[in-house]
Structure formats: structure tokens, C-alpha cells
Amino acid sequence: MSVDSDYVKFFDWIREKGGQVHKHIKIDTREERGLFATSTIESHAALAIIPWSLVVNKQHVNLPTIDVATERQALVLFLSHEYTKQEESDWYPWIKLLNIDKEADDLLKTKMNLFNCVEHSTLGQALTARYQQLEQEYGYLNQSDKIHISFELFCAIDHLVWSRILDLPDNEPISLVPFIDFANHNFNANARWFIDDTTHDLILRSERSLNPGEEITICYGSKSNEELLYLYGFCQSVNPNDRVTLPVSLSPDDLLLEDKLRLIKELHLPPRLTINIDGRLTDDSQRLVKILSAQTLSTIDHVNEHCKPYLKNLLNEYLENLNLCSDEEMFTKYYLDSQKSIVQKALNDLE
Ligand SMILES: C[S@@+](CC[C@H](N)C(=O)[O-])C[C@H]1O[C@@H](n2cnc3c(N)ncnc32)[C@H](O)[C@@H]1O
């Protein structure tokens, strides 16, 4: 069976379930598989209407009725169960296109490569934590007979969930929305989705007129490269929302340890430094540096002579770590180059 006929079946399935897809749209693969206009489409056209019954979230009737720790886990279990049923699944026309087996292979090859490349960055730390959590989750679900797939497939499905969920507004649960999940990201997207107030359908709408062959994109939000890589496995060479986040810690030998911890808690300061694309620290981070670098109680929340050396040391250490990362893969290179350039700007500012 050709892939094209799988797409035809998918479109038919959406229509059978009461949805609509604009006649001038197809799913195609150029650099990346996505949605494309096959003819001119006017501005504000409904590109797709997806009925609420096809929106997968924790309230969905078909979700496994077992306790789940998080909304994300509910979606992972849903996809795992439907994947296991194969053609018996009511969702098969969509599940088939998710290429879960191939995703598992790719994840092992490319994503693990990414993982190794960025090992020394904050992204590496976040990915390590996620992997460890997945191992624990899988161990529990497997032991209690709640899941019947391999760990590799479980990781692939977890990645698919992270990369395809939509954050619906107004306290609606995070959801998977077949069809809209084939739209790729662009900061200058030409389409957007919303929930119809009266029907509760999910509508994908063109925001301007589309040319024949043009890709239909949505914006995944103002995310940094680190967030894009973590959630979706891609990032952008020029990302106006990029930033650096550095985890910081206090030495157990610090004589002001308790005072510093108390103040950080009182001020609700996140335990990391954030440096914006222009190389400037956020206000919270500037305050954190003052506290962390203070050597006397009277200067604990003031600019002191230790602020600059403290920050310089931290930035140079991070730069050294970034230089240890390999940068052959395109997205890893975008990420690393942007991180280095932001840290360098911050260091220049300190001179
Ligand atoms: C919601 S899905 C979009 C459809 C997906 N391309 C597919 O083939 O099913 C999100 C995934 O698409 C890819 N993607 C989306 N936007 C991208 C972009 N601007 N550049 C590269 N890959 C992108 C990433 O792999 C991401 O994890």
C-alpha cells in the first residue's frame, strides 16, 4: 500500500468522523513532512475542522481507565494501547502515519546523538533527567502489566507526545489533535488554530492568502532553541527568543549558606541564571548573582566586588563545556553556536 493512499485514508477518516479538510491541502515531505497548499487558498479560510471527538486528551472516552501520574502519561498510554491494537484500532489511519517504529529507530540514532553532543550543556542535563524519569515510568508500567511495548517504543511514543501536543486554552487538558499535528513550526506562521466557541471543534485557519505549493505552518510559541530541541528535536539558526539558562548551586561550605537559601526562597528566585539573546541577565538573575556571590551578611543583596568575578567564572566554565560538545549535526550546531554567542556577549559586557 503506498504512502499516498495512507494519506487519502487519513483524510477520509477525518471526514467520516465529522471533520473537514480543505480540498486544496495535502501532506507532503520536502525537508520535513508537513501540510502544503496545492492551489491558492484565500485568507481566513478554514483549512481543517477537527471535531472534539477526535481530540485526544485525558477526558477522552477511549483513554485507558487506569491511574495516570500526568496528562502526558495518559497520552503516552493512549498511543501505546492504540498502537498495540494496530488495524483493530479506531485511530489506525492516524496512528499509522505517526510511523512509531521508524520514530523509535530515528530516536535511537539521531536523538541519542544529540544527547551525546550536548551532554555538557543545560539541555544535556534536562535530557538526562527526562531519560531517567522515562526508565522509572516504564519500569513501573511494565511491571504492573499496564504497557506491552518495548522501552525503545515507549521513548518514541513519549517523544511523539511531547512534539505533537497542543496546549488548549482555558484549563483544557493538553491534547493531541490529528491533522493539526502535521503542521510544522514557523515564527511567522501563516495559519493558526483555535477552538470554536459553539461547536468546540478545533479549527485550523489561514491567516493570509496562501500560494500554490506554500507550506502551511503554525507557531509553536516563543520558545528558545533549548526548548525547541527538548520538545521537538529541532531548533533555528536565528531565533529571536533564544537565551541561555545556567543552573547554579551553593557550596555546602558557604558560611552564608542558610541566609542565602532563605533569601532566594523568600524572593521566589529560580535557581538558575537566565541570559537573554542580547547577553543581558534578567532582573531575577542579576539579583541571584548578588546573593550567590556575597561574602558578608551586610552585602548579601547588594552589588559587591565579587559579583563580576563570580559571573565571569560561571560563564567561562559554561563556554568551556560548550566547546567540548560536538557540532556536526545541523540543529545541534545551531543550538551550540547560539549559546556560545550569547555567553560571549555577556562576557564582553563584563569587560
Ligand atoms: C507537530 S509535528 C509536525 C509534523 C511532523 N513534521 C510530521 O512529519 O509528522 C512536530 C515535529 O515536526 C518537526 N518540525 C516542526 N517544525 C519544524 C521546523 N520548522 N523545522 C524542522 N522540523 C520541524 C519536528 O521534528 C517536530 O518534532
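Tutor: Let's start with one working term: two residues are in contact if their C-beta atoms, placed from the backbone, lie within 7 Å. Keep in mind too that this is a predicted model.

Student: Fine. Leaving aside neighbours within four places in sequence, which residues is Ser 43 in contact with?

Tutor: With that set aside, the list is Ser 206, Glu 207, Arg 208 and Ser 209. Ser 43 itself sits in the loop that links strand 3 to strand 4.

Student: Is Ser 43 buried or exposed?

Tutor: Here you need the cut-off: 12 or fewer other C-beta atoms within 10 Å makes a residue exposed, and 20 or more makes it buried. Ser 43 has 11 such atoms, so it counts as exposed. For scale, its C-alpha atom is 49 Å from that of Leu 314, which is 271 residues away along the chain.

Student: How much of the chain counts as buried?

Tutor: The share is 28% of the 351 residues. The general idea behind looking at this is that nonpolar side chains tend to be buried together in soluble globular proteins. In this model, the largest nonpolar core holds 47 residues, and Ile 50, Leu 75 and Ile 180 touch the most other members. Several elements give two or more residues to that core, including helix 1 (3-16), helix 2 (71-85), strand 4 (46-50) and strand 9.

Student: What does Ile 180 touch, not counting residues up to four places away?

Tutor: Ala 48, Ile 50, Leu 166, Trp 193, Leu 202 and Leu 204. There's also another core apart from the largest one, with 14 residues, among them Leu 288, Leu 292, Leu 311 and Ile 342.

Student: On to sheets. What is the strand order in the open sheet of 4 strands?

Tutor: To read a sheet, follow who pairs with whom. The order here is 1-4-9-8, and the pairing is antiparallel. Strand 1 (20-21) and strand 8 (191-195) are at the edges with a single partner strand each, so one side of each has no neighbour in the sheet. Strand 8 is joined to strand 9 (residues 202-206) by 5 bridges, and Arg 192 has Arg 205 in strand 9 as its bridge partner.

Student: Which residues surround the ligand?

Tutor: Glu 32, Arg 33, Gly 34, Ser 163, Arg 164, Asp 181, Phe 182, Asn 184, His 185, Tyr 232, Gly 233 and Phe 234. By class, this shell has 3 nonpolar, 5 polar and 4 charged residues. Strand 3 (33-37), helix 6 (151-164) and strand 7 (184-185) supply at least two residues each.

Student: And the domains: where are the bounds of domain 1 and domain 2?

Tutor: The domain assignment puts domain 1 at 3-232 and domain 2 at 243-350, with 35 Å between their C-alpha centres. The size of such an interface is often given as the accessible area lost when the parts come together. Here we have residue counts: 13 residues from domain 1 and 16 from domain 2 take part in the contact. On the domain 1 side, helix 4 (100-117), helix 5 (122-143) and helix 7 (225-232) give two or more residues each. That side comprises 5 nonpolar, 7 polar and 1 charged residues.

Student: How many helices and strands does the chain have?

Tutor: There are 11 helices and 12 strands, and the C-alpha trace spans about 70 × 50 × 45 Å along its principal axes.

Technical notes. Residues are numbered from 1 along each chain as its sequence is written. This is a predicted model: local features need pLDDT of at least 70, side-chain atom pairs count only at pLDDT 80 or more; totals for chains, interfaces and linings use all residues. Two strands pair if DSSP finds at least two bridges between them. A residue is near a molecule or strand if its C-beta atom, placed from the backbone, lies within 6 Å of it. Ala, Val, Leu, Ile, Met, Phe, Trp, Tyr, Cys and Pro count as nonpolar, Asp, Glu, Lys and Arg as charged, and the others, Gly among them, as polar. Domain bounds come from an automatic or database domain assignment. A nonpolar core is a set of buried Ala, Val, Leu, Ile, Met, Phe, Trp, Tyr and Cys residues joined through C-beta atoms within 7 Å.
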